[in-house]
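Me: Could you pull up the model so we can go through the aromatic rings and then the sheet?

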Amino acid sequence: GKSTLLDLLLGIQIPSSGEILIDNNNLENFDLISYRDKISVVTQDPFLFNISIIDNLKWSNNNINEQQLKKCLDLAKCPDFIDKLPDKLNTIVGERGMKLSGGQRQRISLARALVNEPDILILDEPTSSLDKESEELIFESLRQISKFTTIILVTHDDKILSLADKIYSIQDGSVIN
């Protein structure tokens, strides 16, 4: 289902029949490295390294400047909780980010995805397992991000689906419109 579809969109798997078209061009004709450089992915269970928040953010783009970093953090609604941490951006997040709440991990993962200024942002169940406040913050972030980035969103959440221009469903192994 959804994992296979995401793998197909990323060029990790090749379709056994049919083709994946990006702007009417077959994905098989793309330079996959260049194509993937334009995509950021935030998974359902975000992974953070056992390093500081700032190092987790710079992991995907060490050349980001302070202004760009602030923009990413603002878009992902991070400053409200980071400012309350004793070491702020230098706070060590723990193994897999476990020193933070699920919502905080998800927002840092979203900020890290934005650091690369992706053309396409893929989100897999971004609000599952989050409390209502974190869910609301992610929803507002996506509303803002969707103004300048294509978002491919995998979700069962009707509220998040309300952001979509187009909705596709998977039924019995087929994508339907």
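**Rings and strands**

Me: What is the relative accessibility of Phe30?

Reply: Phe30 is at 27%, so it counts as partly exposed (buried is under 20% relative accessible area, exposed over 50%, partly exposed in between, with a 1.4 Å probe and protein chains only). Bear in mind that this is a predicted model, where local features need pLDDT of at least 70 and side-chain atom pairs pLDDT 80 or more, while totals for chains, interfaces and linings use all residues. Numbering starts from 1 along each chain as its sequence is written, and side-chain values use heavy atoms, leaving out hydrogens and water.

Me: And Tyr35, buried or exposed?

Reply: Buried, because its relative accessibility is 7%.

Me: OK, how many aromatic pairs are there?

Reply: Phe, Tyr and Trp rings (six-membered ring for Trp) pair with centres within 6.5 Å; planes under 30 degrees apart are stacked, over 60 edge-to-face, the rest tilted. That rule gives three aromatic pairs. In one of them, Phe30 and Tyr35 meet edge-to-face, with 5.5 Å between centres and 75 degrees between planes. Phe49 and Trp59 make a tilted pair, at 5.1 Å and 50 degrees.

Me: Where do Phe49 and Trp59 lie?

Reply: Phe49 is in the loop between strand 3 (39–42) and helix 3 (53–58), and Trp59 in the loop between helix 3 and helix 4 (66–75), so their pair ties together parts ten residues apart in sequence. Helices (H or I, at least four residues) and strands (E, at least two) are DSSP runs numbered from the N terminus.

Me: How accessible is Trp59?

Reply: Trp59 counts as exposed, at 56%, while Phe49 is partly exposed at 28%. Both belong to one aromatic cluster with Phe47.

Me: Switching to the sheet: what is the strand order?

Reply: It is an open sheet of three strands, ordered 3-4-5 with parallel pairing (two strands pair if DSSP finds at least two bridges between them). Strand 3 and strand 5 (150–154) are the edge strands, each pairing on one side only. On average, neighbouring strands are turned by 15 degrees against each other, direction ignored.

Me: How many bridges join strand 3 and strand 4?

Reply: Four, in the parallel sense, with strand 4 covering residues 120–124. Ile39 has Ile120 of strand 4 as its bridge partner.

Me: Which helix packs on the sheet there?

Reply: Helix 6 (residues 102–114) does, touching strand 3 and strand 4, and its direction makes about 175 degrees with that of strand 3. Contact is heavy atoms within 4.5 Å; axes are lines fitted to C-alpha atoms, for helices over the stretch in contact, with angles from 0 to 180 degrees between N-to-C directions.
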